[in-house]
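These are my notebook entries on a structure that I had not examined before. I set out to look up its sheets, its helix contacts and its enclosed spaces.

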Amino acid sequence: MACAFSFAQGEYLCGKPLPEHTGKEESHTATNGHTGENGFDVVCIGGGGAGITAAVAAAARGAKVAVIAKEPAGYGDTRISMGNMVFPGLADGDSAEGFLSDLRKSGEGLEDPLLARIMAEGAPLATAILEEYGHIFTRDEEGRLSAKVLGRTGGHSFARTVTSGPAGGVPIGQVLRAAAARAGVTVFEETVACRITTESRRVTGVVCFDLPGGTSFFVPAAAVVIATGGIGSLYYPHTDCARGATGDGFALAYEAGAELVDMEQVQFIPFAFTHPGAFLGLYCGEPALAGPAGVLRNRDGKMILEGVSRLNRAEVVRAMARELVGGGGTGYGGLLLDLGPNLALPGGRDLWRAMRDRGQLDLVRKAYGEAACRWEEPWDVAPTAHYLMGGIKVDASCESTLPGLFAAGQAMGGVHGGNRLGSVSLAELFVFGRIAGEAAAERAAERTVERAAGFDRTARPDRAGVGLNPAGLNLQSAGKGIGAPGRYSPMALQRELQKMMWEEAGIARRAAGLENALQALAGIEKKLDDLCIPPGSVYNTGVLDAIELRFMRITGRLIAVSALLRKESRGAHFRLDFPECDDRHGRKRIVLWQEEGWMRFREEGAP
C-alpha cells in the first residue's frame, strides 16, 4: 500500500494505493548489443526523476518502455539535489491555492496558469510517488509528515518544504533505479540520444550513441518523452548543476521541429562560493539562508540589501547583479553575505543550529574557515546557474507542438514563468513525469492502431535523412569523425562557449553582449567541421564532448536570441539596457522554433 495525503486531516496517511505497474520485474539494463531494434511504444530520454517516473507511468498503462540515460539511471541533478520537496497544505492556513498564488506571483506573468495549477494541486502526490518508490522523507517524533518538520524557502508565504536526510538526493537516485527495475523498463545507460527522427511531423524514434561500446543505433518509438534536465553546464564553472546538464533536450526538440518558450529565463541561485577554485559555483544557500537578520554588503561593507529571506531568487540576484556591474564586488567577484546579525536573535540562532545539524555548514567550513561557519565572518558569495524556467512548449498533457513528443521536468517550459520557487523542482519531476508518461502511452496506443491499419510505416534512420554507422559515429555531430585530424578540441570549444555565456548572457545582459554571444556561437558552429576527436571506439569521451558541444551551441543560441528579443527585465532575465518590466505592451511569451533550417520566432500574449 502506498501513502496518500489528506488535506482534511492535514497529515500524511497510509492506505490509498497508487496505480500498480504492469511491467515484468526483470533485469532492466540493456547491453551493448542493443535491444531496441524492434522498437518501443514509449522512449524516455533522461534517467533522472522525471524520466524514470514517466517510464514507470507508461509501463503501468501497458506500454513497452525504454529509458535512454546519458549517465547511469538515477544520476544527474536529481542525485545531487538536497532532496527537499514542496508539500503544500501541512502548515496551518496553507493550501494548494496559497501555493498557486505564490507560484503565480513568482512567475511575473509568464507562467502558464493551467500548468501552474496542476503543479500546485499535484505537489502532495509527488511525495507519495517518491515514497512509493522507496524514499523516506524526514518525519516528526510520531513518524508523520507534519507541520513540525517543514522548512520555508525563499518566495513561499508558508513553510511547506519536507526534507530528506543528510544524504540528500543520493537515496532518491537509488530508489529511482529500483522503480525502473520493478516496472520492467529497459534502460540504455551511458547512451546519448543524438537525434529524434520524424516523418510527416510525427515522432518515429531516436538515434543513439552507446558510449561504452562506441556504436550508434536506432530505436523506433511511437512516442518520446524528453526529460533531460537543464543547462547549468553552459555556464561552467559558475553552476551548481551536474556535468551532464548541457541542454540536450532543448536542442533535440528544436531540431525535431517542436516549439520552445521563454528560453531567456535562466535562474541563477544567489549564494554560491566564489573561492577557492574547487568550490567556485557550488551552492551554499538561497534567500531563506539569510535568516531573519542576514544582509548583503558590498566590498566596502556597505549594506546593499536587507530583508533577504523574504525575497525570491530572482529578486536577490537582480540586486546583486546591479551592485556587481557597478563595481561593488570583492576581489573574488562576489558580495558579502553577513549572517552575523542573526546570532542576536533566537530565531537566527535556531536557524544556525538547524543548518549545522543538517550538515549544511560543512562546505562553508572547508571553503571559508571556522569563523565563517559560525557566522562570525561574512561569506563571499555570487550567483550561480541553477535552473531553466523556459523550455519545450507543452500542453496540460505534457505534449509538445510536435505530435508524439512530450516533455517533463526541467525540459518543459511554462510551469514557473520567470522564476522558480525553492523546493518545487523535485516535486515537478514526479507531477509532470507521471502525466507525460501516461499521455505518451495513450499516444503510442493510438499509433499502434494506425500502424495496424497501414496508416503509419516503420521508419528507419536513413529514411529520416540521418546516417547510421555501427562502426563509429556519423550523425552530423562530430565533424570529420573519430580519429580524423582536426584543429579544434571539443572540450576547448566547450570552455570557450561557457566563458562567453557567463560574460555575455549571464546575470546581467545588454544587446551588444548578446549579439557578441551570437557571433561567437556562429564561430563555434563553423569549427564543428574541424574537430579533433581521439581515435578509439570504447568509451571515447571525446565523442561525448563533441555531441554535447553541438547541443550546447544550439541551446546557447536559443537562450541568447530569446534574451535579445525580450527588451525588458522580467523574472530571472535582467537587461541593463532595459532594466524595468514593460507591462505597457502586455506580458508576452517568446516562442522559438526551426522551420526549413531557419530559426523562427513569435511573441504571444501570456495565458
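**Entry 1. A residue pair in the five-stranded sheet.** I began with a single pair: V261 stands opposite G391 in β18. I note at the outset that the model is a predicted one. The pair led me to the strands themselves, and I found that β11 (residues 260–261) and β18 (residues 391–393) are joined by two bridges and run antiparallel.

I then looked up the sheet in which these strands lie. It is an open sheet of five strands, ordered β20-β18-β11-β21-β22, and its pairing is mixed. At the edges I found β20 (412–413) and β22 (598–605); each has a single partner strand, so one side of each is left without a neighbour in the sheet.

**Entry 2. Helices on that sheet.** Which strands does helix α6 lie across? I recorded that α6 (residues 248–256) lies across β11, β18, β21 (588–595) and β22. The helix runs at about 35 degrees to β18. Helix α14 (residues 541–565) also packs on the sheet, where it touches β11, β21 and β22. The direction of α14 makes about 140 degrees with that of β21.

I next asked at what angle α6 and α14 pack. The angle is about 80 degrees, and the axes are 8 Å apart. The two helices are therefore roughly perpendicular to each other, the range for that term being 65 to 115 degrees. From α6, the contact takes in D248, F250, A251, L252, Y254 and E255. From α14, it takes in R550, F551, I554, T555, R557 and L558. Sorted by class, the residues of this contact are seven nonpolar, one polar and four charged.

**Entry 3. The six-stranded sheet.** I turned to another open sheet, in which six strands follow the order β13-β12-β17-β16-β14-β15 with antiparallel pairing. Which strands stand at its edges? They are β13 (283–285) and β15 (303–305); each has a single partner strand, so one side of each lacks a neighbour in the sheet. On average, neighbouring strands of this sheet are turned by 55 degrees against each other, direction ignored.

Within this sheet I examined one pairing in detail. Strand β14 (residues 295–297) and strand β16 (residues 335–338) pair in the antiparallel sense over three bridges. I noted that L296 has L337 in β16 as its bridge partner.

**Entry 4. Two further helix pairs.** I looked up α4 (residues 113–133) and α5 (residues 170–182), whose axes come within 8 Å and cross at roughly 75 degrees. These two helices are therefore roughly perpendicular to each other. The contact is made by L130, E132 and Y133 of α4, together with I172, V175, L176, A179 and R182 of α5. By class, it has six nonpolar, no polar and two charged residues.

The second pair was α12 (residues 490–504) and α13 (residues 511–527). They pack at an angle of about 170 degrees, with their axes 9 Å apart. That makes α12 roughly antiparallel to α13, since angles over 145 degrees count as such. From α12, the contact draws on L493, E496, L497, M500 and E504. The residues of α13 in this contact include L514, A517, L521 and I524. I counted the classes in the contact of α12 with α13 as eight nonpolar, two polar and three charged.

**Entry 5. Cavity and pocket.** How many cavities of 30 Å³ or more does the structure hold? I found one, with a volume of about 70 Å³. Of the 13 residues that line the cavity, A314, V317, R318, G571 and A572 lie nearest its centre. Both β12 (266–273) and α7 (313–325) supply at least two residues of the lining, and the largest share, four residues, comes from α7. The lining of the cavity has seven nonpolar, four polar and two charged residues.

I then looked up the second largest pocket, which has a volume of about 460 Å³. It is lined by 24 residues, and L324, V325, G333, W502 and I507 lie nearest its centre. The elements that give two or more residues to this lining are β12, α7, β17 (379–388) and α12. Its residues divide into 13 nonpolar, seven polar and four charged.

Conventions
Residues numbered from 1 in each chain as written. Predicted model: local features only at pLDDT ≥ 70, side-chain atom pairs only at ≥ 80, totals over all residues. Heavy atoms only, no water. 1 Å grid on protein atoms, 1.4 Å probe; cavity = no way out; pocket = protein on both sides within 12 Å on 5 of 7 lines; lining within 4 Å. Points joined across faces, edges and corners; volume = space filled by probe spheres on them. Nonpolar A, V, L, I, M, F, W, Y, C, P; charged D, E, K, R; others polar. Pairing = 2+ DSSP bridges. Contact = heavy atoms within 4.5 Å. Axes fitted to C-alpha atoms, helices over the stretch in contact; angles between N-to-C directions. Parallel < 35°, antiparallel > 145°, perpendicular 65-115°, else oblique.
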